[in-house]
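Reader: Got a minute to walk me through this one? Please put the model up first.

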Amino acid sequence: MPKDSRTQDVIFEARDLHISARREDGAEVPIVKGVNFTVRRGEVVALIGESGSGKTTISLAALGYTKPGLEFTGGQALLLGEDVTGKTTDQLRPVRGESVAYLAQSAAATFNPSIKINEQVTEAPVLHGTKTQGEANEKALALYRALELPNPESIGARYPHQVSGGQLQRLMAAMALCGDPDLLVLDEPTTALDVTTQIEVLKAFKRVIKEEGAAAIYVTHDLAVVAQIADHIVVLYNGEVKEAGPTDVIINRPRHPYTKRLMAAIQPLPEPGQGNIALDEHLRDDPAIEVRDVDAGYGMGVGGQPAVKILRDINIKIERGQTMGIIGESGCGKSTLARVIAGLLPACEGELLLDGQPLPPALADRTRDQLRRVQFVYQMADTALNPRQYIRYILGRPVEFYTGLRGKKRRKRVEELLELVELPASFADRFPHELSGGQKQRVNLARALAAEPEVVLCDEVTSALDTIVGANVIDLLTRLQKETGVSFVFISHDLSTVASFADEIVVLYAGRVAEQGPTDMVLAAPHHPYTRLLISSVPEPRMGWLEEAAQTRAARSGIAGGVEMTEVGCPFFERCPLAIPGTCDKVDPPRLDDGHGHVIECHRELSELE
Amino acid sequence: MSNPSNTEHFVAPFEEGVAFEELQDAPPRTGYRPSLTGWIGIAVVTFWAVIALAGPWLAPYGENALPFPDAYEEFQVPQAGAPLGTDVADRDILSRIMYGAGRTIGISLAATLLAYTLGVVLGIGAAVSGPKVDMVMSRINDAFLSLPTIMLGLVVVAAIGSSIPVLIATAGLIYATVVFRLARAIGMEIMVMDFVEAAKARGEGRWWIITREIWPNARMPLITDFGLRLIYVILFTSSLSFLGLGVQPPQADWGSMVRENLGALQYGQSIVPVLAPALSIATLTVAINLIVDDVSAHGGGRLSGRM
């Protein structure tokens, strides 16, 4: 219900806002340096910038909150005309519950796993006494409907683990909106979601914000997402506003070089024919690594088979000096495949060949040289680097372990490695927590390169990074490949990143290969229906894309859903617009090969998939 | 100052060709700085540490000397010559507290160190071992944990006879079970981190993983718990002494001093003979607790959450 017009039009205003951190030695480090912006009723203002730009800090200021170690040092944050910067927690409590609501990035961490959803959604207004339980329930039900949640009457009676990630994200929005807040603060609410889920969530958010007439601050680093949902964009860099204006102006006619750079960092999905052309200078007869008929899974089942089988019948060849992109939604077995190749999860069927020679499935049976030649790079540099070791040691150990270099030579090699990943040699004497996210990811990469490997398995290495930083890491990978002839297996849920960089693409769905082939061919028709879904879900940085995508997707029924493993038939059956009942759910799909290395597993004819 | 209207296009001044560096998003470093309660704790613990080390030299009288040999009377009130009065055998309480400090703290510290050596080595060993070895070690440990500590201590000391080495060994073994469980839990938590898996994938041996990957990360939480465990051991050895199975007379120790002087509560002129050693135990344990709380609050209270 729209707010009545008696209340004022300006919901939130930041006036010359300054926020600083206090260092150990007492020195003041400015984080936010005089930011001005206004949020009016019914308006979505996006704060956009990379990590460290202060966007989250500014958005939290709307709640009168600063993270531990930070403090307001100047200016005002006016919520409904009242400055919230100098208030105590007790004074802020009614404001936080009634006027402003905060939506965190991870719904899974926001919901209490042991309390039913409806109770949590309605808790705040009931607690604050603004609604009776009955009114709150009614409001919640209306929100479940507006957010297009399945079974709105009964979903509140479930526990958080009984709904999917995308649904939980929408339920979190219901939780925030249940108390009719004037201002909604959304902190990267779709960043952790798959592209297919992101569309549903964005669409629901957009609709509900409009219907409720609430104002919102939307924090994100993703311009493509912002273009869909925001009315006004504020571009932040290093705690300062670099550019601000209506979405249309910022997206289509950016003037500040930083905004232009943000736009440039968005990888558009390459048109077929513009993909990478394979360099053949490193080619040899045998592929760098070959995966033959591999099955793998977790747990101990009967007869040496795993209790839960994830991967089925995987066949992949990665040529020397080339990049294989592996793509799919979460739960499709992408990481499992990388772990099988790395030996962290021994395959239960099939074989691995390294440079034409058999590679033992389990880590313990591989020789040190075999271990050296296949390296694994983890997604989260934060947990992949030992927080108590100097960078010098993190990089020096694999150098010594694999190449036997010691003392001065080892030190020199560490400096070379840092130079290779474009970091200053002085970083050797730092701990991982003294580095930024992008720098840590470079060290993570350098550790794999220290082994002078032939195959590097990159598991979502850019997913936790901002667009610009991620693009820099991709540039680095491309350069390293040219210089060292290393092969990459690049795992990502982001099709545009993979497509810009990989020579070949494997589309995994529920542990099976749905489609594979050279990048150009996978991007061009004919498509597996799942590939088509992924391609159409990649957000484009232009206004109106969301509506178009939703239109075309609406024509296909039930396409949003979780990934389910199936024992027989095609696992995509439930979500497939082209499914043939009686065939697709009963019989495993055949491999359709066009003779040029482009394979689609589908019951439909290639001509039907155009 | 008013804000620009939202239909306006604001562009910050810029220079062409300026590169935008990747921003530093690492939080500023904050070291541990004790709060007021932390400082109080540190002051009190330092005070007792000095007494424990230098007590026998600082004490006005010997451990069993009489301050008023000519006027023998038990439980004399505090007065000039005996600031805390005298005990059941007319000995100077202040001197006995100072002698007892070294013994109480020394025994407890030695026992806690023993508990930590055993518990940490076996606990982290169990964490890095296979599930079968871990299972056997943990079940044996659980069996010992299920026995009430003070009863177990009583039985052991009663059977072997009381001496300081027996006290240390008994308390050390009993508390090693608790440390084992904590060290194993911390070890398990670190074992599943990616950097440990990366070390395994590199082909590193078990010893390397324990000493280079796990121990540096387990050290801090274990050191914090050490303080807490020391409190329990002080209370445990004091309880044994109170029951007459700890430090044997005429040697002084805070627990046994409470027991010796219990009569003062009924027919003495002052209650200081009981109160003084009891307060000594209380101030020391509370002070250690203050430090532990302060340190773990700085570290996000992870440890206190786990306890």
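Author: We can take the cavities, the record's domains, the helices, the sheet and the odd backbone spots in turn.

Reader: Ground rules first?

Author: This is a predicted model, where local features need pLDDT of at least 70, side-chain atom pairs count only at pLDDT 80 or more, and totals for chains, interfaces and linings use all residues. Residues are numbered from 1 along each chain as its sequence is written, chains are lettered from A and ligands numbered from 1 in the order written, and side-chain values use heavy atoms, with hydrogens and water left out.

Reader: How many cavities of 30 Å³ or more?

Author: Four. A cavity here is a set of points, on a 1 Å grid over the protein atoms alone, where a 1.4 Å probe fits but cannot get out. Volume is the space filled by probe spheres set on the points, with grid points joined across faces, edges and corners.

Reader: What lines the largest cavity?

Author: The largest cavity holds about 190 Å³. Its lining has 17 residues, and A:Gln375, A:Phe376, B:Ala198, B:Ala201 and B:Arg202 lie nearest the centre. Lining residues have an atom within 4 Å of a point.

Reader: Which elements supply that lining?

Author: At least two residues each come from α12 (368–373), β16 (374–377), α14 (391–403) and α16 (437–449) of chain A, and from α6 (194–202) of chain B. Helices (H or I, at least four residues) and strands (E, at least two) are DSSP runs, numbered from the N terminus.

Reader: And the second largest cavity, how much space?

Author: About 90 Å³. Of its 13 lining residues, A:Cys570, A:Cys576, A:Cys584, A:Cys602 and A:His603 are the closest to the centre. The lining splits into 10 nonpolar, two polar and one charged. Nonpolar means Ala, Val, Leu, Ile, Met, Phe, Trp, Tyr, Cys and Pro; charged means Asp, Glu, Lys and Arg; the others, Gly among them, are polar.

Reader: Switching to annotation. Where does UniProt put the ABC transporter domain?

Author: Its unreviewed entry lists residues 5–263 and 291–535 of chain A. UniProt positions follow the numbering used here, feature names are shortened, and annotations may be inferred rather than shown by experiment. In the model, residues 291–535 of chain A are 38% helix and 25% strand.

Reader: And chain B?

Author: The unreviewed UniProt entry gives "domain: ABC transmembrane type-1" at residues 101–292 of chain B. That span is 84% helix and 0% strand, with its end C-alpha atoms 21 Å apart. The record also lists transmembrane regions in chain B, including 166–183. Residues 166–183 of chain B are 100% helix.

Reader: Why should α2 of chain B span 52 Å?

Author: Because its 36 residues (93–128) rise 1.5 Å each; the end C-alpha atoms are 51 Å apart, which agrees. The expected span is 1.5 Å times one less than the number of residues. There is a kink of about 30° in α2(B), centred on B:Gly100. Bend is the angle between axes fitted to the seven residues ending at a residue and the seven starting there.

Reader: What order does the seven-stranded open sheet have?

Author: β6(A)-β7(A)-β8(A)-β3(A)-β9(A)-β10(A)-β1(B), with mixed pairing. The edge strands are β6 (100–103) of chain A and β1 (10–11) of chain B. Strands pair if DSSP finds at least two bridges between them.

Reader: Which backbone spots are odd?

Author: B:Pro249 and B:Pro250 are joined by a cis peptide bond, omega about 5°. B:Pro250 sits in the loop between α7 (206–242) and α8 (254–260) of chain B. A:Leu80 has a positive phi of about 50°, though not a glycine.

Key:
On a 1 Å grid over the protein atoms alone, a cavity is a set of points where a 1.4 Å probe fits but cannot get out, and a pocket is an open set with protein on both sides within 12 Å along at least five of seven lines; lining residues have an atom within 4 Å of a point.
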